[in-house]
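Here is a set of exercises to work through with the structure open beside you. Try each task yourself before you read the solution.

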Amino acid sequence: MEKLIGLNKIRTAVFISGTGSNLKNLIKFSKTKKSPIAINLVISNTNKTKALKYANQNKIKKKVLNFRNNSIAEKNILKFLDREKIKFICLAGFMKILSKNFIKKFNGKIINIHPSLLPKYKGLNTHERAIKNKDKFGGCSVHYVTSKLDSGKIIIQKKVKITAKDNSTSLAKKVLKQEHKLYPTAILKIFN
Ligand code: GRF
């Protein structure tokens, strides 16, 4: 039987491709009393990620879809989302670009975490670019997903100081630590 704490929470799916530290952190957050969301489904575009173990450990349903054909993959995802009555989607290191059509079906219900102070550095290699440009701050942003890459309305951001000693690896590590705080804060901001 579902624990009382999980009842009435917003049924949420997390989409991943990578190491899944944000997934792990969102699962932990979802189990707290203050969390408005429950995580009921994990979607991955690869079975090579170790992050799927977090779904297993927490008895969360998971689906792996190869994106050789985007529209077939998205059709299948929509089927799983419907089956699990998913109402909200968190992208967490998901490396595939969702189609306009898919996003329209979940309009305003998909959010993403991006490792830069948007609108700066959309896309990849954000930390390298910030360092190369001698920026004083890097950071992370949680934003709504629209059909334009990393361009939807920003929900919340966190700045991280770049020091002379930083390289892209050290900066990524510092930013990721902040991401783990920022993603739950963004979700609380949306629903409270
Ligand atoms: C994070 O830096 C996130 O901002 C970006 O991809 C990375 C995913 O890390 N979109 P993880 O898989 O959650 O550890």
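## Exercises with worked solutions

One thing before you start: this is a predicted model.

**Exercise 1. Find out how many disulfides the structure holds, and explain the result for Cys90 and Cys140.**

Solution.
- Step 1: Recall the cut-off, since a disulfide needs two cysteine sulfur atoms within 2.5 Å.
- Step 2: Take Cys140 and look for the closest cysteine sulfur, which belongs to Cys90 and is 15 Å away.
- Step 3: Compare the two values. The sulfur of Cys140 is too far from that of Cys90 for a bond, because the gap is 15 Å.
- Step 4: Write down the total, which is zero disulfides. Cys90 is in none, with Cys140 holding the nearest cysteine sulfur.
- Step 5: Check how covered the two residues are. Cys90 is buried at a relative accessible area of 0%, and Cys140 is buried with a value of 0% too.

**Exercise 2. Work out which residues Glu84 pairs with in salt bridges, and where those partners sit in the chain.**

Solution.
- Step 1: Remember the idea behind the search: side chains of opposite charge can pair when their charged atoms come close.
- Step 2: Start with Arg11. Its closest N and O atoms with Glu84 are 3.4 Å apart, and the two residues form a salt bridge. Arg11 is in strand S1 (residues 10-16), while Glu84 is in the loop between H3 and S4, so this pair links parts of the chain 73 residues apart.
- Step 3: Now try Lys61. Its side chain meets that of Glu84 in a salt bridge, at 3.1 Å from N to O. Lys61 belongs to strand S3, and 23 residues separate it from Glu84.
- Step 4: Look at accessibility. Glu84 is buried, with a relative accessible area of 12%. Arg11 is partly exposed at 26%, and Lys61 is partly exposed at 48%.

**Exercise 3. Describe the salt bridge between Asp135 and Lys120, then say which residues of the structure are joined into one network.**

Solution.
- Step 1: Check the distance, which is 3.3 Å from N to O for Asp135 and Lys120.
- Step 2: Place both ends. Asp135 lies in the loop between H5 and strand S6 (137-144), Lys120 lies in the loop between S5 and H5, and they are 15 residues apart.
- Step 3: Sort them by accessibility. Asp135 counts as buried at 13%, whereas Lys120 is partly exposed at 42%.
- Step 4: Name the network. Arg11, Lys61 and Glu84 are joined by salt bridges that share partners.
- Step 5: Note the total for the structure, which is four salt bridges.

**Exercise 4. Look at the backbone: which residues other than glycine have a positive phi, and where is a cis peptide bond?**

Solution.
- Step 1: Go to Lys59, whose phi is near 55°. Lys59 sits in the loop between H2 and strand S3 (61-64) and is exposed at 77%.
- Step 2: Go on to Lys85, where phi is about 55°. Lys85 is in the loop between helix H3 (70-83) and strand S4 (88-91), and it is exposed at 54%.
- Step 3: Find the cis peptide bond, which joins Leu118 and Pro119 with an omega of about 10°. Pro119 is in the loop between strand S5 (110-114) and helix H5 (126-132).

**Exercise 5. Name the residues that form a positive surface patch, and place Lys53.**

Solution.
- Step 1: List the members: Lys24, Lys28, Lys50 and Lys53.
- Step 2: Place Lys53, which is in helix H2 (residues 52-57) and is partly exposed at 38%.

Terms used:
Residues numbered from 1 in each chain as written. Predicted model: local features only at pLDDT ≥ 70, side-chain atom pairs only at ≥ 80, totals over all residues. Heavy atoms only, no water. Buried < 20%, exposed > 50% of the residue type's maximum accessible area, 1.4 Å probe, protein only. Patch = residues over 30% accessible without salt bridge, like charges linked within 9 Å, V, L, I, M, F, W, Y side chains within 5 Å. Areas by Shrake-Rupley, 256 points an atom, 1.4 Å probe, with all protein chains shown as cover. Lys, Arg positive; Asp, Glu negative; His and termini not counted. Charge placed at Lys NZ, Arg CZ, Asp CG, Glu CD. Helix = DSSP H or I, 4+ residues; strand = E, 2+ residues; numbered from the N terminus.
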